[in-house]
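Could you walk me through a structure, one question at a time? I would like each reply to end on what I asked for.

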Amino acid sequence: GLLAYTQQGRDINLDINRLVGYRNFCNKLWNAVRFAMSNLEGDGFSAAEDVADTVLANAVVSPRDRTILSRLNAAIESCNASFAAYEFGELTNALYTFWLYDLCDVYLELTKPVMSGDDAAAKLTAQQTLYVCLEFGLRLLHPTMPFVTEELWQRLPGKRATASITIAPYPLAVAGWTNPEAEANMELVKEVIHAARSVRAEYGLANSVRPQFFLKCSDAEVRAVMEAQLDDFSTLAKAGDSRCVVDEQPPQGCAMHSVNDKVQLFVLLAGLVDFASEIAKLEKKLSKIAPSLASLEKKMGKDDYESKVPEGVREADAAKKEALETEVAGIHRAIAEFKRLL
């Protein structure tokens, strides 16, 4: 937490909440490694000393494996550059981003179905990739978090060249890991996943519901990218049977969300959502908002409003009016969309 403040110079405005946030990061780190270890122990897994050099030569290597190793390589390069330049704030940001956003939020979640699946070759690659990320990641963290990283490093399976992480060499970038194409493709998939989650929230779909998604791609190249990671999309978007299409039109009863110029997302809501009931709920909500908006507009429309009402109150009223108008417009759009799907 204190190292993150070094970006500001010698004088810092210490916020204890930031330190609490990094304490929570330690808890997240501990729990993430414990969860990962549950997929490495008791399954006959053994990490060879040269696993980092051979993992990409396995028979089955998925785009998610290539992506996380590329992100790990980027973190290694950033950490070494930050140490050389004494930029410890950049160092902590690189470590935090890799562990929290790349490894925990994405890769660990994507490998859950693989670890419990029947594809032994894919599972082995996922285990080896996960082990490499943990071993390299803990060594990257060690100078800034010496005690917890030593404890977790000692618990990793397999044998390593040194008896302690303290005397283990600091990681250097590995030739062949950096893969900008894999990273760009994963960013597209994550963008589509974010859109799918937004659609689920917008229509109130429970986590247990697995709707069918149709990903309408701009061309065959984008379709190939999405199909290669369709399982990853289904995992994080909690999707059911999903398909990628180019010229084919999705069936009736689908809600559409335009992700970008490459992908449009369609989710089949027929049978999952009672459109008439949802319309009735929205109209009831609209009837409650309308009087508040009308009262506010009447208040702001008086001749002496500008002269008698303090500026702070006028600004608050304007902000409230804008918020109510935005909400009303959103309700009208939702009603129109539900009527289209009826």
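Here are a few questions and replies on two residues and the domains.

Me: Before we start, what kind of model is this, and how are residues numbered?
Reply: Residues are numbered from 1 along each chain as its sequence is written, and side-chain values use heavy atoms, with hydrogens and water left out. Local features need pLDDT of at least 70, side-chain atom pairs count only at pLDDT 80 or more, and totals for chains, interfaces and linings use all residues, since this is a predicted model.

Me: Is Arg139 buried or exposed?
Reply: Buried means under 20% relative accessible area, exposed over 50% and partly exposed in between, using a 1.4 Å probe and protein chains only. Arg139 has 11% relative accessibility, so it counts as buried.

Me: Which residue's backbone oxygen does the side chain of Arg139 reach?
Reply: Contact means heavy atoms within 4.5 Å. Leaving aside neighbours within four places in sequence, the contacts of Arg139 include Trp153, Ile165 and Tyr170. At 2.7 Å, its side chain reaches the backbone oxygen of Pro169.

Me: Which residues does Val225 touch, not counting those up to four places away in sequence?
Reply: Val225 counts as buried because its relative accessibility is 16%. With that sequence neighbourhood set aside, Val225 touches Asn185 and Leu188.

Me: How far apart are the C-alpha centres of domain 1 and domain 3?
Reply: Domain bounds come from an automatic or database domain assignment. They give domain 1 (2-178), domain 2 (182-265) and domain 3 (275-341). Between the C-alpha centres of domain 1 and domain 3 the distance is 48 Å.

Technical notes: A polar contact is a pair of N or O atoms within 3.5 Å; within protein, one must be able to donate a hydrogen and the other to accept it, and residues adjacent in sequence count only if both atoms are side-chain atoms.
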